[in-house]
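The following exercises concern one protein chain. Study the sequence and the structure, attempt each task, and then read the solution.

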Amino acid sequence: QVQLVESGGGLVQAGGSLRLSCAASGSIFSINEMAWYRQAPGKQRELVAVATSGGSTNYADSVQGRFTISRDYAKNTVYLQMNSLKPEDTAVYYCYTRIVTSRFALGDYWGQGTQVTVSS
């Protein structure tokens, strides 16, 4: 079993900052990529940022330069530092990871989601 626990969402004014965290635990052999997605009401889930096991990162154009994804490999944790937040960043943010379990099975896992609301 693998669990992802997210934290750090909340309500913030436009221009403010939030930091999301997502910790993976359980029967983990290795973690490939870790990423953040978001889903706004009435819209499809979209990729926000991804961090590969090799250390490279990629961002959606809409958040480039404002958001930073990082990983703590020792803690199996991924972070999303969100600065200069805009009302259009309002969404439920989901942590995603691709893990090789201790039984050497490859699987995709999602966090429970955390609400981020940016007021204008």
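**Exercise 1.** Is Tyr96 buried or exposed, judged by its relative accessible area?

*Solution.* The model is predicted: local features require a pLDDT of at least 70 and side-chain atom pairs a pLDDT of 80 or more, whereas totals for chains, interfaces and linings use all residues. Residues are numbered from 1 along each chain as its sequence is written, and side-chain values use heavy atoms, leaving out hydrogens and water.

Step 1. State the cut-offs: buried means under 20% relative accessible area, exposed means over 50%, and partly exposed lies in between, with a 1.4 Å probe and protein chains only.
Step 2. Apply them: Tyr96 has a relative accessible area of 5%, and is therefore buried.

**Exercise 2.** Determine how the rings of Tyr37 and Tyr96 are arranged.

*Solution.* Step 1. Recall that a pair of aromatic rings is described by the distance of the centres and the angle of the planes.
Step 2. Set out the criteria: rings of Phe, Tyr and Trp (its six-membered ring) pair if their centres lie within 6.5 Å; planes under 30 degrees apart are stacked, over 60 edge-to-face, and the rest tilted.
Step 3. A search of the whole structure yields four aromatic pairs. For Tyr37 and Tyr96, the ring centres are 5.9 Å apart and the planes stand at 80°, so the pair is edge-to-face.
Step 4. Locate the partners, given that strands are DSSP runs (E, at least two residues) and helices are runs of H or I of at least four, numbered from the N terminus. Tyr37 belongs to strand S4 (residues 28-39) and Tyr96 to strand S9 (residues 91-101), so the pair ties together parts that are 59 residues apart in sequence.
Step 5. Add the third member: Trp110 forms one aromatic cluster with Tyr37 and Tyr96.

**Exercise 3.** Describe the secondary structure of the chain and the share of its residues that are buried.

*Solution.* Step 1. Count the elements: there are 11 strands and zero helices.
Step 2. Consider burial: 42% of the 120 residues in the chain are buried.

**Exercise 4.** Which residues are in contact with Thr101, leaving aside its neighbours within four places in sequence?

*Solution.* Step 1. Place the residue: Thr101 is found in strand S9, and its relative accessibility of 10% makes it buried.
Step 2. Apply the definition of contact, namely heavy atoms within 4.5 Å. With those neighbours left aside, Thr101 is in contact with Val2, Ser27, Ile28, Phe29 and Tyr109.

**Exercise 5.** Describe the surroundings of Gln44.

*Solution.* Step 1. Gln44 lies in the loop between S4 and strand S5 (46-51).
Step 2. Its relative accessible area is 70%, so Gln44 is exposed.
Step 3. Apart from neighbours within four places in sequence, Gln44 is in contact with Arg38 and Gln39.
Step 4. From Gln44 to Phe67 the C-alpha to C-alpha distance is 20 Å, with 23 residues of separation in sequence.

**Exercise 6.** What is the sign of phi at Asn76 and at Ser84?

*Solution.* Step 1. Recall that most residues other than glycine have a negative phi.
Step 2. Asn76 is not a glycine, yet its phi is positive, at about 50°. Asn76 is situated in the loop between strand S7 (67-72) and strand S8 (77-82), and at 23% relative accessibility it is partly exposed.
Step 3. Ser84, also not a glycine, has a positive phi of about 50°. Ser84 lies in the loop between S8 and S9 and is partly exposed at 41% relative accessibility.
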